[in-house]
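Visitor: I am new to this structure and would like to understand the reasons behind the words used for it. Could you take me through them one at a time?

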Amino acid sequence: MRSCEWCEYKGTEWLLYQSLHWSVYLADRQDYVGRCILVLNRHCGSLSELDGSEWMELKTMIDRLEYIYKEVLGAELCNCLLYTSPSPRDRQKSRMPSSA
């Protein structure tokens, strides 16, 4: 198996929170204030490979982040982008931008 950029994304200096299944990192590029990256704590090649507890915890993490964005930062809208590695269009190239 080739190296997975998501599994190697362990920039502990930017780690904000870690749960049983997910880690939340502050994105290195703050295109907007509070931009975060959620990384599954195990290798997963496709979202269809997530089990029920991982999906439930992902929803909880997104709910918490949205609450923080709205209550602390005054956000009116929250977006969530989901990336996997490798890209389904290009098996040689990861879908991981410098920040998601």
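Guide: Let us start with a pair of strands: β2 and β3 pair in the antiparallel sense, and 5 bridges lie between them. Please keep in mind that this is a predicted model.

Visitor: What makes β2 and β3 count as paired strands?

Guide: Two strands pair if at least two bridges are found between them, and β2 and β3 have 5 bridges, so the pairing holds. One of the contacts can be named, since S23 has V39 as its bridge partner in β3.

Visitor: How do you know that β1 is paired with β2 as well?

Guide: The same reasoning applies, because at least two bridges are needed and 3 bridges join β1 to β2, which covers residues 22–26 and runs antiparallel to β1. Y17 stands opposite V24 in β2, and Q18 has S23 as its bridge partner there. The two strands, β1 and β2, form a hairpin with 3 residues between them.

Visitor: Why are β1 and β3 said to stand at the edges?

Guide: The open sheet has 3 strands in the order β1-β2-β3, with antiparallel pairing. β1 (15–18) and β3 (36–40) each have a single partner strand, so one side of each is left without a neighbour in the sheet. Neighbouring strands of this sheet are turned by 20° against each other on average, with direction ignored.

Visitor: Why is β2 described as largely enclosed?

Guide: A residue counts as buried under 20% relative accessible area, and 4 of the 5 residues of β2 are buried, so this strand is largely enclosed by the rest of the structure. For the protein, buried residues make up 31% of its 100 residues.

Visitor: Which elements does the protein have, and in what order do they run?

Guide: The protein has 1 helix and 3 strands, and from the N terminus on the elements run β-β-β-α.

Visitor: What makes up the largest nonpolar core?

Guide: This core has 11 residues in all, namely W22, V24, C36, L40, C44, L50, L58, M61, L65, Y69 and C78. The elements that give two or more residues to this core are β2, β3 and α1, and the largest share, 4 residues, comes from α1. There is also a second, separate core of 7 residues, which includes C4, W6, A27 and V39.

Visitor: How do you know that R42 and E54 form a salt bridge?

Guide: The rule asks for a side-chain nitrogen of Lys or Arg within 4 Å of a carboxyl oxygen of Asp or Glu. The side chains of R42 and E54 meet at 2.7 Å, N to O, so the pair satisfies the rule. R42 lies in the loop between β3 and α1, whereas E54 lies in helix α1, so the pair ties together parts that are 12 residues apart in sequence.

Visitor: Are these two residues, R42 and E54, buried or partly exposed?

Guide: E54 has a relative accessible area of 3%, and is therefore buried, because the limit for that word is under 20%. R42 has 33%, and so counts as partly exposed.

Visitor: How many salt bridges are there by this rule, and which others can be named?

Guide: The count comes to 4 salt bridges. Among them is the one between K59 and D63, whose closest N and O atoms are 2.8 Å apart. Both K59 and D63 lie in helix α1, 4 residues apart, about one turn of the helix, and D63 is partly exposed at 36% relative accessible area. Salt bridges that share partners also join R29, D31 and R35 into one network. Within that network, R29 forms a salt bridge with D31, the closest N and O atoms being 2.8 Å apart. R29 is partly exposed at 40%, and D31 is partly exposed at 48%.

Visitor: Why is Y67 called exposed?

Guide: The word needs over 50% relative accessible area, and Y67 has 55%, so Y67 counts as exposed. Y67 is found in helix α1, which covers residues 52–71. Together with V33, I68, V72 and L73, Y67 makes a nonpolar surface patch of about 530 Å².

How values were computed:
Residues numbered from 1 in each chain as written. Predicted model: local features only at pLDDT ≥ 70, side-chain atom pairs only at ≥ 80, totals over all residues. Heavy atoms only, no water. Axes fitted to C-alpha atoms, helices over the stretch in contact; angles between N-to-C directions. Patch = residues over 30% accessible without salt bridge, like charges linked within 9 Å, V, L, I, M, F, W, Y side chains within 5 Å. Areas by Shrake-Rupley, 256 points an atom, 1.4 Å probe, with all protein chains shown as cover. Buried < 20%, exposed > 50% of the residue type's maximum accessible area, 1.4 Å probe, protein only. Core = buried A, V, L, I, M, F, W, Y, C linked by side-chain atoms within 4.5 Å.
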